[in-house]
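Q: Could you go through this one with me, a bit at a time? I'll ask as things come up.

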Amino acid sequence: MKRPACKPWHQAVLGLVLAALLALPITRHGLEASMWSHMLLQFPLWMLAGALLAAALPPRLRRAIASCNAHGITGLVWVGVVLSVLMVPRVLDLALRDMGVELAKCTALLLAGVLLRLSWRPAGLVLQGFFLGMLLPMMAVVGQLYIDSPLRLCNAYLQDDQMRLGRWLIGLAALLALAWLAHVGWRLVRREEVMLMTAEPQAPEYRRNSQ
């Protein structure tokens, strides 16, 4: 029996609750206590909140976004730019000291989650692969720089924390790349199965005609 899908307003409520929890000072300070949790937990959680909120967007707003987001290109570019900027150590330092920068960071991540959800499927496999082909190597390079740097790149965090984040970034980039390749392989196998099932009913008629 097929399980009922989560309704859009349910997802939006979950997104709103998650955003409210992330905005609490105790949650924010806990996630920003270390460099790796700041980047690899707080960032994705804000994006997840945005993706959940996107489920309840009115159709008119969805159409307005789609009109300037052909094939998901604009949305994926926004996501890439936001993540690229927020990986800069100076930005992490500023977010910890300046509430204006912190607010801008969280808003940008929330919007990135919304646009990622609205852009991923329209982008298709080719543009999705291009997006990941730009983002994942950048993550690995940034991670290696964090590991190899003899200096603390973030004044707010210790160098050991910086090196730990670097290892996590490289590992995560590799894991996401493998998951993407597995997904592509599964999609291709499913597509081939559908094509074979579609062509199968024609086989008996073909054999009768050939006799």
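Q: Is Trp9 buried or exposed?
A: Trp9 counts as exposed, because its relative accessibility is 54%, where buried means under 20% relative accessible area, exposed over 50% and partly exposed in between, with a 1.4 Å probe and protein chains only. Keep in mind that this is a predicted model, in which local features need pLDDT of at least 70 and side-chain atom pairs count only at pLDDT 80 or more, while totals for chains, interfaces and linings use all residues. Residues are numbered from 1 along each chain as its sequence is written, and side-chain values use heavy atoms, with hydrogens and water left out.

Q: Which residues form the nonpolar patch on the surface with Trp9?
A: Trp9 is joined there by Val13, Val17, Leu21, Leu24 and Ile26, and together they have about 600 Å² of accessible area, as given by the Shrake-Rupley method with a 1.4 Å probe, where for residues only the protein chains shown count as cover. Patches are made of residues with over 30% relative accessible area and no salt bridge, with nonpolar side chains (Val, Leu, Ile, Met, Phe, Trp, Tyr) joined within 5 Å and like charges within 9 Å.

Q: And which helix gives the largest share of it?
A: Helix H1 (residues 8-23) does, with 4 residues, and Trp9 is found in that helix; helices here are DSSP runs (H or I, at least four residues) and strands likewise (E, at least two), numbered from the N terminus.

Q: OK, the overall fold: how many helices and strands are there?
A: The protein has 9 helices and 0 strands. Its radius of gyration is 22 Å, whereas a compact globule of 211 residues would have one near 17 Å, the radius being taken over C-alpha atoms and the globule rule being 2.2 Å times the number of residues to the power 0.38. The C-alpha trace spans about 80 × 40 × 35 Å along its principal axes, and 35% of the 211 residues count as buried.

Q: Switching to charges, how many salt bridges does a search of the whole structure find?
A: The search finds 4, a salt bridge being a side-chain nitrogen of Lys or Arg within 4 Å of a carboxyl oxygen of Asp or Glu.

Q: What does Glu32 pair with?
A: Glu32 forms a salt bridge with Arg28, their closest N and O atoms being 3.8 Å apart, and another with Lys105 at 3.0 Å, N to O. The pair with Lys105 links distant parts of the chain, since Lys105 is in helix H7 and Glu32 in the loop between helix H2 (25-31) and H3, 73 residues apart.

Q: Are those side chains buried or exposed?
A: Glu32 is buried, with a relative accessible area of 7%; Arg28 also counts as buried at 14%, as does Lys105 at 3%.

Q: What about Arg164, which residue does it bridge to?
A: Arg164 forms a salt bridge with Asp161, the closest N and O atoms being 3.1 Å apart, and both lie in helix H8, 3 residues apart, about one turn of the helix. Arg164 is partly exposed at 35%, whereas Asp161 is buried at 8%.

Q: Last thing, what is the phi of His71?
A: His71 has a positive phi of about 55 degrees although it is not a glycine. Most residues other than glycine have a negative phi. His71 sits in the loop between H4 and helix H5 (73-86), and it counts as exposed because its relative accessibility is 54%.
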